[in-house]
Each structure stands twice: as C-alpha cells, then as structure tokens.
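Colleague: I have a new model open in front of me and would like to learn how to read it. Could you walk me through it, one feature at a time?

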Amino acid sequence: VAFAGLVVSAADFYIIEKVQPPMAQAYQKLFSELGRIAYRPTFQSDVTIKIDRYTASFGSVQRHQDGVIGLNDVVLTERIRPNEWMYYHAEEGTYKDGVWTFYKPRIRLLRGDDLEVYSTEEEVVINEAIRIEDLMLPPPPETETAAELWKSIEQARKQGLNPVGLLIEYHSKFSTSASCVIFALTSALAAMWLSRGGAFSGLLLSLGLVMLYYNAHIIATQILGRNGMVDPMLAAWLPNILYVAIGLFAFWRVR
C-alpha cells in the first residue's frame, strides 16, 4: 500500500511539475492571442508596486503588441530623508525589457510643510526588471513550475511585495503530491479499523475523508494562510498533518 502511494505521489508531482505548466502556458498564450484578435487589450487599473527606491502607482497599465507596457497617470514617490519626500507625476510612461521611462514628469519636493514644484522636459529612466504579471492580470499558479514560482517569490520580495499567495502555491505543489502516500496509509488503517462494517461503510468513510481533506485544504490555504493566521508553509501542509493524526488514531485503534 505504501509503495502504491509513493508511485501515485511521484506521478502526481510529475504531472504538476512537468505536464501541467506547459499545457497551462499554451492555454494562456492561445487565450491572449484570441484577445488580441478580438481587440481586447489586457490591462489593469490602480496598480502600485515597488521600483528601485521608488513606490510607483499607475492609473492604468496596458500591454501593446510590440512588447511595450504602456503606463498612464504615473506617480513616483521617493523618500529622500526623514520628513523629506519627492513626488514625480507623469501622464504617460512605458516599460520594456527592464527599463522604465516616464515622460515630462512634474516634480514636487516636500520638506516638512514646505512644498516646491518643478517641471522638466527630460525623461526619468529607471533600470529594474519585474514580472510583467505583477502589472497585468496575474497568471494562474498552474502555469509555473516550482522553480519558476520560487523565482517569482524572490522577485516579489525584492520589490517589497508580500508573496504569501505564491508561497502557499509553492508549498502546495509538494504537499498535495505527498498527500497521496498519506491517503494510502490512512485509508488502509481506517479499512482495517472498520473492517467489520462492510464495504458500504468503507465507501462512506472514503467519501467523508475526501471531503474532509478538500475542506481542510481550502480553509488552511485560502483562509488561514492568505490572511496571515499561520505560516504559508504550515498552511499548505496542515491538511496532511490532520490526516497523519487521523492515521495515528486509526493505528492506535487497530493495535
């Protein structure tokens, strides 16, 4: 039973890591192409991210066919020193290949209660690569492998973002595969424990255990984990810990 569970776990992880991401990426690419054919640009409004030493806010973000990301109503905020701030406001800007360009920004320097306003015809250029998905609609986690998810987590941390959702998805890739072994062993012990109840009671128990795991996974990852009540890694593994406890209880009953 343990060997069968290990085989299923390995097969499950192979599908999650090797089969699902390229298939999901192909779907996203096809969906994006269909969107362009239908003249529906992918965009997002009211975006705020961390760029280098600036906090950047965009009224809207839009992807163009030449790979350029168009930015509108841009506000850059820089903390120069305590009680001194610099604000840049540009009507338009672009991002491509790690280069941010903001056109003719209006500059406001705030020192305590004193405000100074400047205008410039020069461009503000910042070199820092980001994930385009942080500006556009985020990709579903199934489109990324574990290595790609971890890279996204590191980039999000570098930009001052909270990667709790990415961390949960990263650890869930491993916990859901490991659950196959735990399911196999727990089910075998539960079957021995309730062997006198007949096949029908075993079927009901199986359905109940599956529903219990599904609900425990949703509560742990989507509620406890995403709201910061527990660590993301613990949130991903909590359902497995619950099932180990059930298995130990069944083992004690069998003994």
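Colleague: Let me begin with a pair of helices. Which residues in helix 2 meet which residues in helix 3?

Modeller: Happy to help, and please keep in mind that this is a predicted model. On the helix 2 side the residues are A146, L149, W150, S152, I153 and R157, and on the helix 3 side they meet L166, L167, E169, Y170, K173 and F174. Sorted by class, this contact between helix 2 and helix 3 has eight nonpolar, one polar and three charged residues.

Colleague: How should I describe the way two helices pack?

Modeller: In general, two packed helices are described by the angle between their axes and the distance between the axes. In this case, helix 2 covers residues 146-158 and helix 3 covers residues 164-193; they pack at an angle of about 160 degrees, and their axes are 9 Å apart.

Colleague: Are helix 2 and helix 3 roughly parallel or roughly antiparallel, and why?

Modeller: An angle over 145 degrees counts as roughly antiparallel, and theirs is about 160 degrees. Helix 2 and helix 3 are therefore roughly antiparallel to each other. Their crossing is left-handed.

Colleague: How do helix 3 and helix 5 cross?

Modeller: Helix 5 spans residues 232-254, and its axis crosses that of helix 3 at roughly 10 degrees, coming within 7 Å. Angles under 35 degrees count as roughly parallel, so helix 3 and helix 5 are roughly parallel to each other. The contact of helix 3 with helix 5 has 22 nonpolar, seven polar and one charged residues.

Colleague: Let me step back to the whole chain. How many helices and strands does the chain have?

Modeller: There are five helices and eight strands. Reading from the N terminus, the order is α-β-β-β-β-β-β-β-β-α-α-α-α. The chain has 255 residues, and buried residues make up 34% of them. You can also look at how contacts span the sequence: among those between residues at least 6 apart, 54% join residues at least 24 apart.

Colleague: Which residues of the largest nonpolar core touch the most other members?

Modeller: They are F58, L71, L76, W100 and F102, out of 20 residues in that core. Several strands contribute at least two residues each: strand 1 (43-51), strand 2 (54-63), strand 3 (69-81), strand 4 (84-96), strand 5 (99-102), strand 6 (106-111) and strand 8 (124-127). Apart from this core lies another one of five residues, including L149, I153, L167 and Y170. You have met those four names before, in the contact of helix 2 with helix 3.

Colleague: What is F102 in contact with, leaving aside its neighbours within four places in sequence?

Modeller: The list is F58, L71, V74, L76, A90, E92, G93, E122, E123, V124 and I126.

Colleague: G93 is on that list. Is G93 buried or exposed?

Modeller: The cut-off for buried is under 20% relative accessible area. G93, which lies in strand 4, has 4% relative accessibility, so it counts as buried. Beyond residues up to four places away in sequence, G93 touches I69, G70, L71, V74, T101, F102 and Y103. The C-alpha atoms of G93 and D73 are 8.3 Å apart, although 20 residues separate the two along the chain.

Colleague: And where is T101 found?

Modeller: T101 is found in strand 5, and it is buried, with a relative accessible area of 11%. With neighbours within four places in sequence left aside, T101 is in contact with G93, T94, E123, V124 and V125.

Colleague: What about W85: where is it found?

Modeller: W85 is in strand 4 and is partly exposed, at 28% relative accessible area. Leaving aside neighbours within four places in sequence, W85 is in contact with T77, E78, R79, I80, R108, L109 and L110. From W85 to G112 the C-alpha distance is 8.6 Å, with their positions 27 residues apart in sequence.

Colleague: One last feature, the backbone angles. What is the phi of N83?

Modeller: Phi of N83 is near 65 degrees, a positive value in a residue other than glycine. N83 lies in the loop between strand 3 and strand 4 and counts as exposed at 55% relative accessibility. K104, which is not a glycine, has a positive phi of about 45 degrees. K104 sits in the loop between strand 5 and strand 6, and at 55% relative accessibility K104 counts as exposed.

Terms used: Residues numbered from 1 in each chain as written. Predicted model: local features only at pLDDT ≥ 70, side-chain atom pairs only at ≥ 80, totals over all residues. Heavy atoms only, no water. Axes fitted to C-alpha atoms, helices over the stretch in contact; angles between N-to-C directions. Parallel < 35°, antiparallel > 145°, perpendicular 65-115°, else oblique. Left-handed = near helix turned anticlockwise from the far one by under 90°. Contact = heavy atoms within 4.5 Å. Nonpolar A, V, L, I, M, F, W, Y, C, P; charged D, E, K, R; others polar. Core = buried A, V, L, I, M, F, W, Y, C linked by side-chain atoms within 4.5 Å. Buried < 20%, exposed > 50% of the residue type's maximum accessible area, 1.4 Å probe, protein only.
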